[in-house]
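I wanted to get to know this chain one helix at a time. Here is my notebook, in the order I looked things up.

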Amino acid sequence: MIAADSFLAFCVMLALGLLCLSLLLTVLRVLRGPSLPDRILALDMLVAIAIGFIAVLGIKTGYSIHVDIAIALGLVGFLATVAFARFVASRPQEKTKTTSKKARARRGSKR
């Protein structure tokens, strides 16, 4: 029994450490993300990491209310992702600096 408790404590601490590392890397992607969709995806990943934190804390404390909180956060995160996706889809397309060969060929044939 004691070995199982110490193994569970080790696994919880390992999971919290890995979640902290992934949180830091994801925040870095939110700050540096080269485009808006990258940032939106990173924010969605932050919600998933928060759900992981809540689940691990639920295992550590033994309270089952954490599962309900994680489910609610998952639903809110999904709705936020859908709203961001609709926002990105409604924006006008950005002009890229490089043009494709077909676009250059069409411009060349018009001259």
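These entries go from the whole chain to its helices and then to a few single residues.

**Entry 1: the whole chain.** First reminder to myself: this is a predicted model. I counted the elements and got four helices and zero strands. Read from the N terminus, the order is α-α-α-α. Then I checked burial: 16% of the 111 residues count as buried. I also looked at contacts between residues at least 6 apart in sequence, and 50% of those join residues at least 24 apart.

**Entry 2: the core.** Which residues make up the largest nonpolar core? I found six: Val12, Leu16, Leu19, Ile49, Phe53 and Val56. The elements that give two or more residues to this core are H1 and helix H2, which covers 36–61. I picked Val56 for a closer look. Skipping neighbours within four places in sequence, I see Val56 in contact with Val12, Ala15, Leu16 and Leu19.

**Entry 3: Thr26.** Next I went to Thr26, which sits in helix H1 (residues 2–32). Is Thr26 buried or exposed? Its relative accessibility is 9%, and buried means under 20%, so Thr26 counts as buried. Who are its partners? Leaving out residues up to four places away in sequence, Thr26 touches Ala42, Met45, Leu46 and Ile49. One of these, Ile49, I had already written down as part of the core.

**Entry 4: helix H2.** I ran the ruler along H2. It has 26 residues and spans 37 Å from first C-alpha to last, close to the 38 Å expected at 1.5 Å a residue. Its buried residues are Ile40, Ala42, Leu46, Ile49, Gly52, Phe53, Ile54, Val56 and Gly58. What do the buried residues of H2 pack against? I found H1 and helix H3 (65–90). Just after H2 comes Gly62, and I noted its positive phi of about 85°.

**Entry 5: helix H3.** Same check here: H3 has 26 residues and reaches 38 Å between its first and last C-alpha, close to the expected 38 Å. The buried residues I found in H3 are His66, Ala70 and Gly77. They pack against H2.

**Entry 6: how H2 and H3 meet.** I compared the two axes. They come within 9 Å and cross at roughly 175°. Angles over 145 degrees count as roughly antiparallel, so H2 is roughly antiparallel to H3. I then listed who meets whom. On the H2 side I have, among them, Leu36, Ile40, Leu43, Val47, Ile51 and Ile54. On the H3 side the list includes Ile69, Leu73, Gly77, Thr81, Phe84 and Val88.

**Entry 7: His66.** Last stop was His66, found in helix H3. Why does His66 count as buried? Its relative accessibility is 18%, and the cut-off is under 20%, so His66 goes in the buried column. Which residues does His66 touch, not counting those up to four places away in sequence? I got Ile54, Leu57, Gly58 and Thr61. Two names there, Ile54 and Gly58, are also on my list of buried H2 residues. I also spotted a polar atom of the His66 side chain 3.4 Å from the backbone oxygen of Tyr63.

Key: Residues numbered from 1 in each chain as written. Predicted model: local features only at pLDDT ≥ 70, side-chain atom pairs only at ≥ 80, totals over all residues. Heavy atoms only, no water. Buried < 20%, exposed > 50% of the residue type's maximum accessible area, 1.4 Å probe, protein only. Contact = heavy atoms within 4.5 Å. Core = buried A, V, L, I, M, F, W, Y, C linked by side-chain atoms within 4.5 Å. Expected span 1.5 Å × (residues − 1). Polar contact = N/O pair within 3.5 Å; in protein donor to acceptor, adjacent residues only side chain to side chain. Axes fitted to C-alpha atoms, helices over the stretch in contact; angles between N-to-C directions. Parallel < 35°, antiparallel > 145°, perpendicular 65-115°, else oblique.
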